[in-house]
Amino acid sequence: MFETVFNPEIWARVPFHLWSVMFFLLGSIVGSFLNVCIYRLPRGLSVVTPPSHCPHCQYSIPWHLNLPLITWLLLRGRCRQCRAPISIRYFLVELLTGALFLGCWLNYGPTSARLALIFSLFAAGLVVATCIDFEHFIIPDEITLGGVAAGLLFSFYPPLHEQRTALAGFWQGVVGALVGWGLVYGIVRLGKVMFGRQRVALPVDTRIVFSETAVHLPDRDIPYEELFYRQSDEIIMQARTLELIDRCYQNVKVRLSPRRLRIEAEEFNPEAIHQMEAVSTEIVLPREAMGFGDVKFMAAIGAFLGWPATLFALVVSSVIGSVVGVAGMMMQGRERFARIPYGPYLAAAALIWVFLPLDTRQEVRALLAVLNPFAAPGAW
Ligand SMILES: [Zn+2]
């Protein structure tokens, strides 16, 4: 019996499009697991236990009724027990992941089923990263660093980087991760130097006023909505004096985030404090287009796709970002769209690379080969 199961000739006789259906179904099942990751990873919850349940009534759908896509449709987006609405995101993520798996199969299946599987897994990582980044403005290390590890591991399979030996493939994975990491790290560092967004040095003993809507520096007012994009964003300063309406401090470290004002160890609700004045010589403001999550994310992209893909992803993501930015400004004013994180653009660009025709990718590589100081030693 085992001989039949593992006989490649028998598997080869399974019609190609039966596998297409299988990849779509596998993708939608993986997508339903990705939904669990998207909800739980950024909240620090286990993705294994407990089984998925309705957040309103704790009802957990028995596994034999929990079919991707179909369950959501049959229940018309409502909990089976308490009828609380279930976000359409669950359905869309399952559909998208199914479609991506199918796309990877159609694109890579004819040459290598293993490649199709590896790229499917990579695409699944992009889906999780994108959804979490949209909602929380972070990409968890499980995805980014886990992605680097997975990418390096799969790099031992030479066709991933169009190499002939496992070692040459692995080398391309390592170089891809390093170039991806260095590229975005450089941009993040450079951005902070160029725009001074991180640490603003002020003339000695500058008066800084915090009103209900903005930080007032001597030369400009910065509204909080331009500073606080997420709950974890903080304005930090060492104040020589700090005056609140009913009290006064000397030489204290002050941290202000959307939900919390901390003066040394004391905590206040910023809503309750209408005005605050500080004297300080430096203030640290949170603001960056790309963060260190994106550095690690690009390293993972490089480990899977190789260093030319990281350059491609950087250029293409900034083009997509500009187009979306301009469209967004035209549609609903600047504020809302300024808040889209950068990770989803990187993910979109990486996906475009995966689905580019092979010869186009080779052309890009040939074009970049001029720059290539990292070519694998020929003897490998
Ligand atoms: Zn319920």
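**Exercise 1. How many residues lie between S5 and S6 in their hairpin?**

Solution. Start with the strands of this predicted model. S5 covers residues 248–257, and S6 covers residues 260–263. The hairpin formed by S5 and S6 has two residues between its strands. Next, look at the pairing: S5 and S6 run antiparallel and are joined by four bridges. One of the residues involved is leucine 256, whose bridge partner in S6 is leucine 261.

**Exercise 2. Which strand forms a hairpin with S5 with three residues between them?**

Solution. Go back along the chain to S4, residues 235–244. S4 and S5 make a hairpin with three residues between them. Their pairing is antiparallel too, this time over eight bridges. To find your way in the structure, look for leucine 242, which sits opposite tyrosine 249 of S5.

**Exercise 3. Is leucine 256 buried or exposed?**

Solution. First, place the residue: leucine 256 belongs to strand S5. Then count its surroundings: there are 23 C-beta neighbours inside 10 Å, so leucine 256 counts as buried; the cut-off is 20 or more. Now see which residues it touches, leaving out those up to four places away in sequence: Glu234, Ile235, Leu261 and Pro270. Finally, set this against the whole protein chain, where buried residues make up 32% of the 380 residues.

**Exercise 4. What distance separates the C-alpha atoms of leucine 256 and phenylalanine 228?**

Solution. Along the chain, leucine 256 and phenylalanine 228 are 28 residues apart. In space, their C-alpha atoms are separated by 9.9 Å.

Technical notes: Residues numbered from 1 in each chain as written. Predicted model: local features only at pLDDT ≥ 70, side-chain atom pairs only at ≥ 80, totals over all residues. Buried ≥ 20, exposed ≤ 12 C-beta atoms within 10 Å, placed from the backbone. Contact = placed C-beta atoms within 7 Å. Pairing = 2+ DSSP bridges.
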